[in-house]
Protein chains: 2
Amino acid sequence: MRRWNGWGDEADHFALSEDAQAFLTERLGPSRPPRDATLEQALQTVPDSRLPAGTPFQTDVRVRLLHARGQSFPDWLAMRSGQLGPYADGVALPTSHDEAAQALAVARRVGALVVPYGGGTSVVGHLSVPVSDRPVVNISLERMNRLLAVDERSLLATLGAGTPGPQIEAQLRPHGFLLGHFPQSYEYSTVGGWVVTRSSGQQSLRYGRIEQMFAAGRVITPRGELRVGGVPASSAGPDLRELILGSEGRLGLLTEVTVRVRRIPAVEDFHGVFFPNWDVAIEAVRAMVQADLPLSMLRLSNEVETETQLRLAGHPERVRWLQRYLGMRGIQRGQCMLMMGITGSAVEVRRTRRDALAIAKRFRGVHVGKTLGKSWAKNRFRGPLLRNSLWELGYAVDTVETAVNWPKVTALMRGIEQAAREALATDNERVHAFTHLSHMYRQGCSIYSTFVWRAAGDPAADLERWRRLKTRVSETIVAHGGTISHQHGVGLDHAPYLPAEKGALGMDLIRAAARELDPDQMMNPGKLFA
Amino acid sequence: MRRWNGWGDEADHFALSEDAQAFLTERLGPSRPPRDATLEQALQTVPDSRLPAGTPFQTDVRVRLLHARGQSFPDWLAMRSGQLGPYADGVALPTSHDEAAQALAVARRVGALVVPYGGGTSVVGHLSVPVSDRPVVNISLERMNRLLAVDERSLLATLGAGTPGPQIEAQLRPHGFLLGHFPQSYEYSTVGGWVVTRSSGQQSLRYGRIEQMFAAGRVITPRGELRVGGVPASSAGPDLRELILGSEGRLGLLTEVTVRVRRIPAVEDFHGVFFPNWDVAIEAVRAMVQADLPLSMLRLSNEVETETQLRLAGHPERVRWLQRYLGMRGIQRGQCMLMMGITGSAVEVRRTRRDALAIAKRFRGVHVGKTLGKSWAKNRFRGPLLRNSLWELGYAVDTVETAVNWPKVTALMRGIEQAAREALATDNERVHAFTHLSHMYRQGCSIYSTFVWRAAGDPAADLERWRRLKTRVSETIVAHGGTISHQHGVGLDHAPYLPAEKGALGMDLIRAAARELDPDQMMNPGKLFA
């Protein structure tokens with residue numbers, strides 16, 4: 001059973017070793033486990049529905065509570081404290097495009113606001129229920145989770161927008177295909193959610209961002225159906241797929257998604273490479289991506305993340321052996337770990353491995369084989385479980401991510417970490433901040449930073465701490481010219497920073513599009529823009 | 001000196017051999033050379049300017065005539081008949097973003113309509129001057145042709161939007177870079193024009209469409225400046241670059257363009273491969289592109305184009321030798337020629353050549369070496385010159401292009417040719433129609449058809465013939481679900497077919513964007529949408 005107030009399945013724990021706990025105490029001081037509300041307590045906070053009788057919306061308190069929140073930090077505090085409101089007045093669970101259209105029509109008829117819901121994994125507040133005099137409903141696409149059509153010659157697959165990662169791949173596999181979109185939220189997040197938030201998966205280097213995969217879609221808008229895409233490429237005016245991508249529910253409800261798929265590759269390896277310091281490491285990954293090597297992933301951890309990952313892994317003996325080996329090869333403190341994915345036919349993988357390791361060597365990189373890579377691949381979607389374990393020890397965790405051109409990467413990364421480390425200084429609290437670069441482009445890369453700090457033990461105080469941290473870090477990103485999000489979207493949490501990026505006229509364009517398709521402003525109000 | 005009433009430089013002729021002329025007579029019947037107007041006669045048709053004195057717009061008749069038209073078929077008839085009007089009342093030739101902004105501000109102040117002008121190569125009517133009670137001005141970016149900045153680490157170059165292909169590459173070369181955008185109009189068309197019409201170059205398989213190259217831009221809109229792009233990737237809402245791409249001047253004036261560039265490759269080869277028939281040939285190119293081979297070009301001519309190209313080449317003796325060789329290898333009538341570009345380091349080129357020829361062989365393809373490829377590469381931008389030569393013999397030429405998913409390619413290609421061949425039947429005139437596939441995607445490909453027919457010798461009759469042909473062919477494209485343009489844009493000629501592709505709500509979105517940035521509808525009215 002999926003956790004109602006955290007990440008993942010209830011049976012699934014990410015145990016922290018004693019050594020890992022010692023590492024955190026050393027960095028942040030001792031912590032106090034929180035007192036979380038129970039589900040029963042939380043259910044007490046769900047008020048009566050304001051919907052009239054006879055709509056297709058379910059109104060029982062449990063289903064409304066389970067759709068009230070995503071996984072943003074404010075969502076997390078709301079869940080853990082049992083105060084998940086405001087709640088939608090009802091939840092529709094359509095199983096087809098037509099049922100979804102009908103739910104939207106009913107919502108419109110009763111004057112309701114609509115919050116579209118997919119896998120419930122948003123980390124920036126896309127799913128927050130607005131406070132309104134109008135009723136509010138969720139339209140959840142979770143039952144629209146089937147493969148609807150396959151075009152084997154054009155390598156296209158059409159899916160219900162609510163299909164989550166594992167069900168996509170399981171339904172494509174019998175056809176010999178895979179999609180290859182693997183964000184960390186893969187187990188729960190859905191193809192429709194990926195499209196409307198412009199998601200990017202861990203192996204985007206091979207498979208592309210969701211923008212490159214999204215070939216066509218059906219959108220139910222308050223004014224009727226909009227179909228976008230369908231041809232391989234076109235010069236017939238602006239590309240309207242690119243308005244749906246990142247529209248975050250403001251333009252309508254994406255119900256069906258056609259994606260570009262690939263044949264299942266024969267071989268996939270993940271190699272570990274250690275570099276003596278950050279400055280050579282970043283030049284090495286830039287050289288690899290600009291040489292157009294057909295790698296499937298480059299994921300470079302900075303010094304602090306490298307150390308943190310090795311400590312949290314919970315195998316101190318193996319790490320000592322690794323360090324002894326790296327020491328003999330001249331790599332000591334300040335080392336940076338690169339995880340390198342190579343995917344394809346046996347011949348291609350061999351070729352790319354050779355080419356990539358040759359570049360790594362030029363930058364003093366030391367190859368440590370596939371053991372660390374295997375372990376990374378095994379745990380690739382388990383990272384968010386750590387948030388449960390840390391919280392239960394008394395530590396809060398959040399992440400931010402951005403992207404920027406190569407000349408700005410290091411300064412922005414240092415700036416983000418510095419801003420985070422100083423954010424709670426007035427409380428005399430430290431923040432443990434570490435970073436990796438996870439999505440590489442010829443032009444630049446993404447920067448993904450994680451922050452761990454001690455929970456205050458009180459929801460209001462914790463929210464205030466987080467807000468200070470988030471503000472400091474977001475302002476740093478804006479000041480350096482980074483995008484406010486490379487892969488999570490805008491939602492509520494990033495909306496204040498979007499105008500700096502799009503400009504006043506750019507915001508006007510986005511608002512004009514929403515006004516055109518949603519004249520009554522019923523679709524996901526407050527998200528993306530106020 | 002550039003031709004005022006045709007393609008290319010006045011000194012540049014594409015002579016047709018006697019054999020080539022015989023081929024046309026055989027297909028279409030004997031032709032009669034037309035009587036074209038002289039420049040002096042044409043200049044007589046330019047009326048007085050309606051602009052007030054003291055604006056930055058040049059009003060002399062010659063400059064106005066030289067900016068009145070593009071290269072669409074109606075443009076061509078207008079030029080050849082010396083009736084190029086309507087004419088703009090003045091032409092601004094700014095040399096910087098600020099001067100361009102000033103020209104637009106003056107246009108706005110005097111209530112003028114603005115037709116942006118780049119290289120004058122539009123083939124779908126982007127440059128037509130509207131008939132209006134308001135004055136009309138051209139803002140030509142042809143003097144904004146300089147490389148403004150290079151970011152060597154991020155592989156970015158910023159250019160004046162009016163920079164044509166050869167000047168882009170000449171200015172990048174000293175930095176060791178190239179852009180790699182080679183549409184057939186390369187010698188004259190500009191980077192800004194490529195962006196606002198979503199252009200695609202001959203080697204898009206390696207370098208991508210202009211969409212993939214366009215990293216950032218500055219747009220002067222009637223409401224002020226809009227900047228788009230700048231980061232390698234983002235999930236911060238809809239991508240506004242994608243609204244500028246294909247905006248055809250309706251949203252504002254694109255003045256500066258930042259493009260993604262590459263290091264100059266060491267080796268570039270073009271190989272010829274012949275297939276015994278169309279059905280295996282198309283399966284071969286689909287296999288190549290879906291195998292992700294790093295080719296730089298795949299250009300597959302159908303049976304009629306293969307025959308036509310070999311006949312028009314003007315070397316009957318060499319062609320006979322080629323046919324003798326192909327015959328021994330089992331390739332006779334119905335043969336299809338593939339031109340295959342391979343670009344990169346020496347190692348990569350060797351590897352890709354081997355992989356691609358192995359696939360070709362599986363489909364009974366016969367490699368004929370690099371001779372034909374060298375000749376193709378030498379003449380790669382000279383095709384449009386043929387239009388001059390044919391016209392002067394009495395033949396009219398036009399092309400259409402679309403893109404569609406793989407399962408529909410052959411039927412649409414046959415349908416286009418059939419529609420064209422029948423279009424002039426009521427006049428007892430034949431149309432010689434032939435096709436190649438020039439841009440390959442995993443999902444499908446573009447289809448590029450050329451039509452040659454006898455000119456009637458009278459502008460009105462010729463326009464009517466063309467309109468019948470264009471309508472029949474465009475309706476066929478729409479009926480098969482093809483895009484109305486893969487690489488030329490919409491302009492005037494394709495505007496009637498855009499709603500079938502975008503849908504009513506999609507058109508509303510495009511109109512809403514234009515209304516938002518251009519409330520007085522001064523920007524390029526009538527293009528893209530009515």
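The following dialogue examines how terms are applied to strands, domains, salt bridges and the chain interface in a predicted model.

Tutor: In this predicted model, local features need pLDDT of at least 70 and side-chain atom pairs count only at pLDDT 80 or more, while totals for chains, interfaces and linings use all residues. Residues are numbered from 1 along each chain as its sequence is written, chains are lettered from A and ligands numbered from 1 in the order in which they are written, and side-chain values use heavy atoms, with hydrogens and water left out.

Student: What makes strand β7 of chain A mostly covered?

Tutor: Buried means under 20% relative accessible area, exposed over 50%, and partly exposed in between, with a 1.4 Å probe and protein chains only. In β7(A), residues 214–221, 8 of 8 residues are buried. Strands are DSSP runs of E with at least two residues, helices are runs of H or I with at least four, and both are numbered from the N terminus.

Student: How do you know that β7(A) and β9(A) pair?

Tutor: Two strands pair if DSSP finds at least two bridges between them. β7(A) and β9(A), residues 253–260, have 6 bridges and pair in the antiparallel sense. One of the bridge partners is L254(A) in β9(A), opposite V219(A).

Student: What joins β7(A) to β8(A)?

Tutor: Here 6 bridges join β7(A) to β8(A), residues 224–229, and the two strands run antiparallel. T221(A) has G224(A) as its bridge partner in β8(A). The two strands form a hairpin with 2 residues between them.

Student: How is chain A divided into domains?

Tutor: The bounds come from an automatic or database domain assignment. They give domain 1 (46–140), domain 2 (149–167 + 174–263), domain 3 (267–378) and domain 4 (385–487).

Student: How do you know that domain 1 and domain 4 of chain A are in contact?

Tutor: Contact means heavy atoms within 4.5 Å. By that criterion, 8 residues of domain 1 of chain A are in contact with 12 residues of domain 4 of chain A. The centres of these two domains, taken over C-alpha atoms, are 29 Å apart.

Student: What area is buried between domain 1 and domain 4 of chain A?

Tutor: Buried area is the accessible area (1.4 Å probe) that two parts lose on being put together, summed over both. Between domain 1 and domain 4 of chain A this comes to about 950 Å², with 71% from carbon and sulfur atoms. On the domain 1 side, F73(A), W76(A) and L77(A) lose the most area to domain 4 of chain A, together 62% of what that side buries.

Student: Why is the pair E392(A) and R80(A) called a salt bridge?

Tutor: A salt bridge is a side-chain nitrogen of Lys or Arg within 4 Å of a carboxyl oxygen of Asp or Glu. The closest N and O atoms of E392(A) and R80(A) are 3.2 Å apart, so the pair meets that definition. The rule finds 1 salt bridge across the interface of domain 1 and domain 4 of chain A, and 72 over all chains.

Student: Why is R286(A) called buried, and how is E283(A) classed?

Tutor: R286(A) has a relative accessible area of 12% and is therefore buried, whereas E283(A), at 22%, is partly exposed. These residues form a salt bridge at 2.9 Å. Both lie in helix α11 (residues 278–290) of chain A, 3 residues apart, about one turn of the helix.

Student: What makes D239(B) and R241(B) buried?

Tutor: Their relative accessible areas are 15% for D239(B) and 13% for R241(B), so each falls under the 20% limit. The closest N and O atoms of their salt bridge are 2.5 Å apart.

Student: How is the interface of chain B and chain A described?

Tutor: The two chains bury about 6,000 Å² between them, 54% of it on carbon and sulfur atoms. In terms of contact, 78 residues of chain B meet 78 residues of chain A.

Student: What makes E516(A) and R515(B) a salt bridge?

Tutor: Their side chains meet at 2.9 Å, N to O, so they satisfy the 4 Å limit. The count between chain B and chain A is 10 salt bridges. Helix α19 (residues 498–517) of chain B gives the largest share of the side of chain B that touches chain A, 13 residues.
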